[in-house]
Amino acid sequence: MTRAGVRALADGESDALAETLARAFYDNPMNRAAIRGGAARRLRASRCGIRETLATAAGRSTILVNTRGSGGPQGSVLGGLIGLPPGEWPLPPPVFLAQVRLVLGQGLATMRRWGEVDDRLARLHPTEPHWYLLLLGVDPAGQRQGAGSALLEAWLKQVDCDGARAYLETDRRENLDFYRRAGFEVLEAHEILETPFWRMGRPASPLAS
């Protein structure tokens, strides 16, 4: 059922996807390190940041959703993925109004910590052409039902058609086996804000034409 629901993000669906991804990520270790405070504050700040990321990524990336129900625009968003093609990383910085929204939604201290995270990740980012898995998340209520695997599989088909490498970072150790099953391997382990994370890479498919 979840596989049939994988499709491109529809018009007017960005807020629903931002809400789903915020619920998926607000309790992640890196979010806890960057966004200080209780769960409600982390959820609010995550929602704000993901909304701006989606706005910036639109037109520059592959944005997929997995929906409940029929899989059409009326279905509720169960999970989502943002994948940047070669040459589109890094995304441009937020425009001025977006920066104002981020300050109001996250606070300056949180933005500074995210800036530290982004700077470190940028220094470690590979230089060879690759697809970059920027975000992949599923609503906690719908996890471990195949929704994330379906999103990743659909995206990797596009990556393999390009004959390209793929790259990602994860701050959850339990995700390592999930990505290994899709052909990724750990490149290095690092730490930012006293939080471990892993860089993972996947070679270009030898079957690509």
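So, helix α5, residues 108-124, lies across β5 (165-170), β6 and β7 (195-202), and runs at about 145 degrees to β6. Before I go on: this is a predicted model, where local features need pLDDT of at least 70, side-chain atom pairs count only at pLDDT 80 or more, and totals for chains, interfaces and linings use all residues. Residues are numbered from 1 along each chain as its sequence is written, and side-chain values use heavy atoms, with hydrogens and water left out.

A few words on terms. Helices (H or I, at least four residues) and strands (E, at least two) are DSSP runs, numbered from the N terminus. Axes are lines fitted to C-alpha atoms, for helices over the stretch in contact, and angles run from 0 to 180 degrees between N-to-C directions. When I say contact, I mean heavy atoms within 4.5 Å.

Okay, the sheet. It's an open one with seven strands, in the order β1-β2-β3-β4-β5-β7-β6, and the pairing is mixed; two strands pair if DSSP finds at least two bridges between them. β1 (6-8) and β6 (185-192) stand at the edges with a single partner strand each, so one side of each has no neighbour in the sheet. From one strand to the next, the twist averages 25 degrees.

Let's look at two of the pairs. Strand β3, residues 77-84, and strand β4, residues 130-138, pair in the antiparallel sense over six bridges. If you want one bridge to click on, G80 has G137 in β4 as its partner. Helix α1 packs on the sheet here, touching β2 (62-67), β3 and β4, and its direction makes about 90 degrees with that of β3.

Over at the other end, β6 and β7 pair in the antiparallel sense too, over seven bridges. I192 has T195 in β7 as its bridge partner. These two strands form a hairpin with two residues between them, and L193 in the turn has a positive phi of about 50 degrees.

Now the helices against each other. How do α1 and α3 pack? Helix α1 (residues 14-25) and helix α3 (residues 39-57) have axes 8 Å apart and an angle of about 135 degrees. That makes α1 oblique to α3; for the labels, angles under 35 degrees count as roughly parallel, over 145 as roughly antiparallel, 65 to 115 as roughly perpendicular and the rest as oblique. On the α1 side the contact includes L17, L21 and F25, and on the α3 side it includes L43, I50 and L54. By class, the residues of this contact divide into eight nonpolar, two polar and five charged. In that scheme Ala, Val, Leu, Ile, Met, Phe, Trp, Tyr, Cys and Pro are nonpolar, Asp, Glu, Lys and Arg are charged, and the others, Gly among them, are polar.

Some of you will ask about charge pairs. Side chains of opposite charge can pair when their charged atoms come close. My cut-off for a salt bridge is a side-chain nitrogen of Lys or Arg within 4 Å of a carboxyl oxygen of Asp or Glu, and by this rule the count comes to 15. One of them is D15 with R51, where the closest N and O atoms are 3.8 Å apart. That pair links distant parts of the chain, with D15 in helix α1, R51 in helix α3, and 36 residues apart.

On to helix α4, residues 96-106. The axes of α3 and α4 come within 9 Å and cross at roughly 170 degrees, and α3 and α4 are therefore roughly antiparallel to each other. Among the residues that meet are C48 and E52 in α3, with R101 and L102 among those in α4. Here the split is four nonpolar, three polar and four charged.

α4 also packs on α5, with axes 7 Å apart and an angle of about 110 degrees. That makes α4 roughly perpendicular to α5. Q99, L102, V103 and Q106 in α4 meet L108, T110, M111 and W114 in α5. Which class is missing from this contact? The contact of α4 with α5 has five nonpolar and three polar residues, and no charged ones.

Last, a few loop spots. P90 lies in the loop between β3 and α4, and the peptide bond from W89 to P90 is cis, with omega near 0 degrees. R144 sits in the loop between β4 and α6 (147-162), and its phi is near 65 degrees, a positive value in a residue other than glycine. And A182, in the loop between α7 (175-180) and β6, is in contact with L152, L156 and R202, leaving aside neighbours within four places in sequence.
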